[in-house]
Amino acid sequence: QQGFYEWCLQPQNKAWVFLPTGMTDVLRRGTVVAALGVSGFSGAVGTVVGRCLEHYLVDFNGHGTQALSAQNLLPTDDSLQESQPQYLSRRFSMTGQAVIDAHGNASPTSSSAIALQPGTLVSAYGLVNLPSLNGMVGMVVEQCSDYYLIDFAERGERAVSIKDLLPEQIDRVEEESPVRRRSSFSGPSERSSCALQASMHVRVEGLAGVTPLNGATGIITGQQDDRYVVWLLNHGESAVKPMNLSRELFPPRTRVVAQGLVSVPALNGLVGVIVGRNDDRYFVAFPLEHGRKALRARNLRYAFGEEAANSPVSVSVVAPGAGTHANSHAYEVIANQPSFNLSFLGRSRAAYDRYPPSWPEGCQAPNLESFGQSIIAQGELEECDCLVFGSRGGQVILPLFWKAYGPAVPPALVVNGGCAMKIPGGAGWPNEAVTVLLLGGRDFFRGHATEADYLDETRSHVPEGNSTTAILYVREMEHMPQPGLFSLVLGQLILVLRTWALSSQPAPAAALESLIMALSKHGWSGLLLYTRSPGQWISFSFS
């Protein structure tokens, strides 16, 4: 395996284990770096000891271990590395006993023997290099080896050893506790603009004057000079200074577990889904018998492993044009699987199932546009993990969702690719949207275009900055997908979308390739195209 290894003392102080560093992509563990543009640390030299989320954990010897963005770190030359304290430069070639000898006063003590999960409140104690943090309450963000990345609110995020943390009892935390998820270096004089990144969920706060933007949540879509461009729900895009942004602890559709509730103890241990926020409370949708509850962050933690896996994927089918009658069996199969929670929005052939006036031969309301607006007004997308559209739903309703919710729209399966054609007023397709288009070679949407021209035209409507779009083109598919075909691909494409949206990584190629192998096995032929990076398409043929 590439990379190298280090010996790490486990938190329970029982055994030495050999761990891969996994730091071969940008800065390796053991790399000596200099800090740049960080108040109080500019010019300081340290050693990379780990990585948490978008931060590197850097040991600055006398100044403790800090969590810094790669943009604030500069790898140093060999001569400077040789001048580093000896115990740092030898860190990755020591035996276990040598590490104990070099860090005699830093071996784990009788702290918690179990891992602290993100969202857990903790108190710092016994910190020698950062004594000002002792006694402060913070929240676990992530674990890396025997360090935890802790959010200390106005003091920012700090990397702290397990030995220096005590789990904080829930009933000891006052309602006005300042602990909340923030960017690193979030104090007035310490905030680093590099701590915030594109696609991060954030909350606006502290804007001067009476402004409706305070408290609004959204997603960072870019950067403009010294401000971040943030798409805010119900407000659209705004340029906001980093000092007025904090990370959203529990973004919409996050799986969480209730904990520490006294008034409703039956909820403790239950997995729910974040569907909104009002001030200091999050709206959580629990199983049907419990409904929605408004809970504070201190009574929630992230769901992990089987907890999250056992929470069904919520799929909403926008019925007009989605073949709910012709392909009812395929939908029924999905609905009967415990891993899915299927619901239908509207119905085909209803009074609103017609194009709006902006389309040729369109009609006044009720129409598909007014229907889509009613879905938005009712908050139907807040609990949804994945959307399924048919032809006219993809043409009219999905663009409406994109314009209203921007990058916060759930990933979408668009049968017939209605959003990828000339649409009155444009589709408003976000760069961050996760979308799979299911196209048919026998679909009348293709017209008389050649296969190559049809696919090129479809791709031309995908934004150049988008790297989360796939096109599954099946030569034998008609405008209404054949039941056998739709039953074969529906569940797999939903899981592809869900995985792609959660990972924020390149396309789940293995899952997509497994799908085309299944299609080929059942006698279908065509092409699979997907974006590996903005503007870069990968294609596979199957037959």
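Me: What makes the 41 residues around Leu 438 and Leu 472 a nonpolar core?

Reply: In this predicted model, the label goes to buried residues of nonpolar kinds joined through side-chain atoms within 4.5 Å. The largest such set has 41 residues, and Leu 438, Leu 472, Val 489, Leu 490 and Leu 519 have the most contacts inside it. Helix α9, residues 483-503, gives the most to this core, with 10 residues. There's also a second, separate core of 37 residues, including Ala 350, Leu 368, Leu 387 and Leu 398. As a general matter, nonpolar side chains tend to be buried together in soluble globular proteins.

Me: Which residues does Leu 472 touch, once those up to four places away in sequence are not counted?

Reply: Leu 472 touches Leu 437, Leu 438, Leu 439, Val 489, Leu 493, Leu 515, Ile 516, Leu 519, Leu 527, Leu 528 and Phe 542.

Me: Why is Ser 238 called buried?

Reply: Its relative accessible area is 16%, and buried means under 20%, so Ser 238 gets the label. Ser 238 is found in strand β16, residues 236-240. Leaving aside neighbours within four places in sequence, Ser 238 is in contact with Leu 213, Tyr 228, Val 229, Val 230 and Leu 232. Across the chain, 51% of the 543 residues count as buried.

Me: And what makes Asp 225 and Arg 349 exposed?

Reply: The cut-off for exposed is over 50%. Asp 225 has a relative accessible area of 71% and Arg 349 has 67%, so both count as exposed. Asp 225 is found in the loop between β14 and β15, while Arg 349 lies in the loop between β24 and α6.

Me: What is there to note about phi in Asp 225 and Arg 349?

Reply: Phi is near 55° in Asp 225, a positive value in a residue other than glycine. Arg 349 has a positive phi too, near 65°. Most residues other than glycine have a negative phi.

Me: How do you know which peptide bond conformation joins Ala 365 to Pro 366?

Reply: Omega is near 5° there, and the bond is cis. Most peptide bonds are trans. Pro 366 lies in the loop between β24 (340-345) and α6 (368-377).

Me: What makes β21 and β22 edge strands?

Reply: Each pairs on one side only. They belong to an open sheet of five strands, in the order β21-β20-β19-β18-β22, with antiparallel pairing. Neighbouring strands of this sheet are turned by 50° against each other on average, direction ignored.

Me: How do you know that β18 and β22 are paired?

Reply: Pairing takes at least two bridges, and three bridges join β18, residues 255-258, to β22, so the two count as paired. They run antiparallel, and the bridge partner of Val 256 in β22 is Tyr 302.

Me: What are the pairings of β13 with β14 and with β17?

Reply: Three bridges join β13 to β14, and these strands run antiparallel. His 201 stands opposite Ile 219 in β14. β13 and β17 also pair in the antiparallel sense over three bridges, and Val 202 stands opposite Arg 247 in β17.

Me: Where should I hold back from reading the coordinates in detail?

Reply: Low pLDDT is the cue: the predicted coordinates should not be read in detail there. pLDDT stays under 50 over residues 1-25 and also over residues 168-194. For the chain, the mean pLDDT is 78, and 74% of residues reach 70 or more.

Technical notes: Residues are numbered from 1 along each chain as its sequence is written. This is a predicted model: local features need pLDDT of at least 70, side-chain atom pairs count only at pLDDT 80 or more; totals for chains, interfaces and linings use all residues. Side-chain values use heavy atoms; hydrogens and water are left out. pLDDT is the predictor's confidence in each residue, from 0 to 100. Contact means heavy atoms within 4.5 Å. Buried means under 20% relative accessible area, exposed over 50%, partly exposed in between (1.4 Å probe, protein chains only). Helices (H or I, at least four residues) and strands (E, at least two) are DSSP runs, numbered from the N terminus. Axes are lines fitted to C-alpha atoms, for helices over the stretch in contact, and angles run from 0 to 180 degrees between N-to-C directions.
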